[in-house]
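Student: Hi! I've got a model open and would like to talk through its pockets and helix packing. Can you walk me through it?

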Amino acid sequence: TLSLTWAVLALGNIGFVSTLNVYLLGAFAALVGVGSGLMQPLTQTRVLSIVSPAAVPKAMGMALGCIFAGQFVHPFVVTPIRSAFGLHEAFLFLGVASLAAAIIAAAWRFIGARSATA
């Protein structure tokens with residue numbers, strides 16, 4: 001599921017740079033919204049399934065802190081890319097990074113499933 005979420009983010013971000021059609025831009029924006037909207041509950045569910053019940057409040061607090069930290073750091077990461085290469089290339093960079101994350105998540109799942117079976 002995590003790799004599919006990253007793939008949806010990749011498709012949306014790469015779609016931004018590949019079309020000038022306003023309706024397709026809206027569809028790609030919806031894909032990015034769905035992907036980023038699913039990312040938080042998926043990762044939070046995974047984290048909460050690993051930690052002990054006593055650590056759940058701390059894990060929830062750290063997860064919320066990471067969300068806000070990510071929103072704070074985002075402009076400091078994307079603005080230099082946009083300034084150096086342009087807006088289209090910044091979206092392309094985010095799309096390629098999301099695609100790489102999808103591949104890594106899928107490979108990690110496959111390798112983890114193989115080692116668990118062995």
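Tutor: Happy to, and let's start with the largest pocket: 22 residues line it, and W6, L9, S36, M39 and G70 lie nearest its centre. Keep in mind that this is a predicted model.

Student: Good to know. What volume does the largest pocket have?

Tutor: The volume of the largest pocket comes to about 840 Å³.

Student: And which elements give two or more residues to the lining?

Tutor: Those would be α1, α2, α3 (56-85) and α4 (87-117). The top contributor is α3, which gives 9 residues to the lining of the largest pocket.

Student: I'm thinking about probes for docking. How does the lining of the largest pocket divide into nonpolar, polar and charged?

Tutor: The lining of the largest pocket has 13 nonpolar residues and 9 polar ones, with no charged residues.

Student: OK, next pocket. What volume does the second largest one have?

Tutor: The second largest pocket has about 560 Å³. It is lined by 15 residues, and those closest to its centre are T1, L2, R46, A105 and R109.

Student: Which elements are behind that one, counting those with two or more lining residues?

Tutor: For the second largest pocket they are α1, α2 and α4. Here α4 supplies the largest share of the lining, with 8 residues.

Student: How many charged residues are in that lining?

Tutor: There are 2 charged residues in the lining of the second largest pocket, along with 9 nonpolar and 4 polar.

Student: Let me zoom out. How many helices and strands does the protein have?

Tutor: The count is 4 helices and 0 strands, so to speak a plain α-α-α-α pattern when you read along the sequence.

Student: And what does the C-alpha trace span along its principal axes?

Tutor: About 50 × 35 × 25 Å.

Student: Now packing. At what angle do the axes of α1 and α2 cross?

Tutor: Helix α1 (residues 2-18) and helix α2 (residues 22-50) have axes that cross at roughly 155° and come within 8 Å. The two helices are therefore roughly antiparallel to each other.

Student: Is that crossing left-handed or right-handed?

Tutor: The crossing of α1 and α2 is left-handed. On the α1 side, the residues making the contact include L2, W6, L9, G12 and F16, while those of α2 include F28, V32, S36, M39 and T43.

Student: What's the make-up of the α1 and α2 contact by class?

Tutor: By class, that contact has 14 nonpolar and 8 polar residues, and no charged ones.

Student: What about α2 and α3, how do their axes cross?

Tutor: Their axes come within 10 Å, with a crossing of roughly 150°. That makes α2 roughly antiparallel to α3, because an angle over 145 degrees counts as such.

Student: And the hand of the α2 and α3 crossing, left or right?

Tutor: The crossing of α2 and α3 is right-handed. In this contact α2 uses Q40, Q44, V47 and L48, and α3 uses V56, A59, M60, A63 and I67.

Student: Last one: how do the residues of that contact divide by class?

Tutor: The contact of α2 with α3 has 7 nonpolar residues, 2 polar and no charged.

How values were computed
Residues are numbered from 1 along each chain as its sequence is written. This is a predicted model: local features need pLDDT of at least 70, side-chain atom pairs count only at pLDDT 80 or more; totals for chains, interfaces and linings use all residues. Side-chain values use heavy atoms; hydrogens and water are left out. Axes are lines fitted to C-alpha atoms, for helices over the stretch in contact, and angles run from 0 to 180 degrees between N-to-C directions. Angles under 35 degrees count as roughly parallel, over 145 as roughly antiparallel, 65 to 115 as roughly perpendicular and the rest as oblique. A crossing is left-handed if the near helix is turned anticlockwise from the far one by less than a right angle, and right-handed if clockwise. Contact means heavy atoms within 4.5 Å. Ala, Val, Leu, Ile, Met, Phe, Trp, Tyr, Cys and Pro count as nonpolar, Asp, Glu, Lys and Arg as charged, and the others, Gly among them, as polar. On a 1 Å grid over the protein atoms alone, a cavity is a set of points where a 1.4 Å probe fits but cannot get out, and a pocket is an open set with protein on both sides within 12 Å along at least five of seven lines; lining residues have an atom within 4 Å of a point. Grid points are joined across faces, edges and corners, and a volume is the space filled by probe spheres set on the points.
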